[in-house]
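Reader: Hi! I am in my first year and still learning how to look at a protein model. Could you take me through one part of this one slowly?

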Amino acid sequence: MGDGVMDRYRTPVFRGDRASLEQRVGPESTVVSARGDNPLCGDAMELAVVLGVLPDGSAVIERACWNGYGCSLC
C-alpha cells in the first residue's frame, strides 16, 4: 500500500464529531450528518457538515468533519 495512504491512516485529518461542530455553529447555520457502515467488514463512518447561506441564498459548506473506524482504505 502507498506511503501516502498509510500516513493518512496513522494521522487522520479533519476528524471530529457532530457535537463538536454544533458548539461552533452560528444561528444562521445548520449541522447535517449521515452515518454509514459496512456490515461485512465492520467499517463505520459518520460525516458531519455545517451548512451556511450565502447572500444570494445559495447553500455553502462552512465546515466538515468525520468520525469512525475501519481499515486503512476506508
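Reader: Here is the part I would like to follow closely: which residues does valine 50 touch, leaving out those up to four places away in sequence?

Author: Happy to help, and we will begin with the whole chain before we zoom in. Please keep in mind that this is a predicted model. The secondary structure consists of two helices and three strands, and from the N terminus on the order is α-α-β-β-β. The radius of gyration is 15 Å, while the globule rule gives 11 Å for 74 residues, so the chain is more spread out than a compact globule. You can compare that with the C-alpha trace, which spans about 45 × 25 × 20 Å along its principal axes. Of the 74 residues, 18% count as buried. The accessible surface comes to about 5500 Å², and 56% of that belongs to carbon and sulfur atoms.

Now for your residue. Leaving out residues up to four places away in sequence, valine 50 touches Leu21, Val25, Ser29, Thr30, Val31, Val60, Ile61, Glu62 and Arg63. Valine 50 also belongs to the largest nonpolar core, where its companions are Leu21, Val31, Ala48 and Cys65. That core has five residues. As background, nonpolar side chains tend to be buried together in soluble globular proteins. Two of the core members, Leu21 and Val31, are also on the list of residues that valine 50 touches.

Let us follow one of those contacts outward, to valine 60. Valine 60 sits in strand S3. Is valine 60 buried or partly exposed? Its relative accessibility is 30%, and buried would mean under 20%, so valine 60 counts as partly exposed. Apart from neighbours within four places in sequence, valine 60 is in contact with Val50, Leu51, Gly52, Val53 and Leu54. For a sense of distance, valine 60 and proline 12 are 48 residues apart in sequence, and their C-alpha atoms are 24 Å apart in space.

A second pair shows another way in which sequence and space can be compared. Tyrosine 9 lies in helix H1, which covers residues 3-10, and cysteine 71 is found in the segment after strand S3 (59-69). These two are 62 residues apart along the chain, yet their C-alpha atoms are separated by 8.4 Å. Cysteine 71 touches Tyr9 and Asp43, again not counting residues up to four places away in sequence. Both ends of this pair are partly exposed: tyrosine 9 has a relative accessible area of 45%, and cysteine 71 has a relative accessibility of 40%. Tyrosine 9 and arginine 35, by contrast, are 26 residues apart in sequence and 19 Å apart in space, C-alpha to C-alpha.

Finally, step back to the contacts of the whole chain. Among those between residues at least 6 apart in sequence, 42% join residues at least 24 apart.

Conventions: Residues numbered from 1 in each chain as written. Predicted model: local features only at pLDDT ≥ 70, side-chain atom pairs only at ≥ 80, totals over all residues. Heavy atoms only, no water. Core = buried A, V, L, I, M, F, W, Y, C linked by side-chain atoms within 4.5 Å. Buried < 20%, exposed > 50% of the residue type's maximum accessible area, 1.4 Å probe, protein only. Contact = heavy atoms within 4.5 Å. Helix = DSSP H or I, 4+ residues; strand = E, 2+ residues; numbered from the N terminus. Rg over C-alpha atoms; globule rule 2.2 N^0.38 Å. Areas by Shrake-Rupley, 256 points an atom, 1.4 Å probe, with all protein chains shown as cover.
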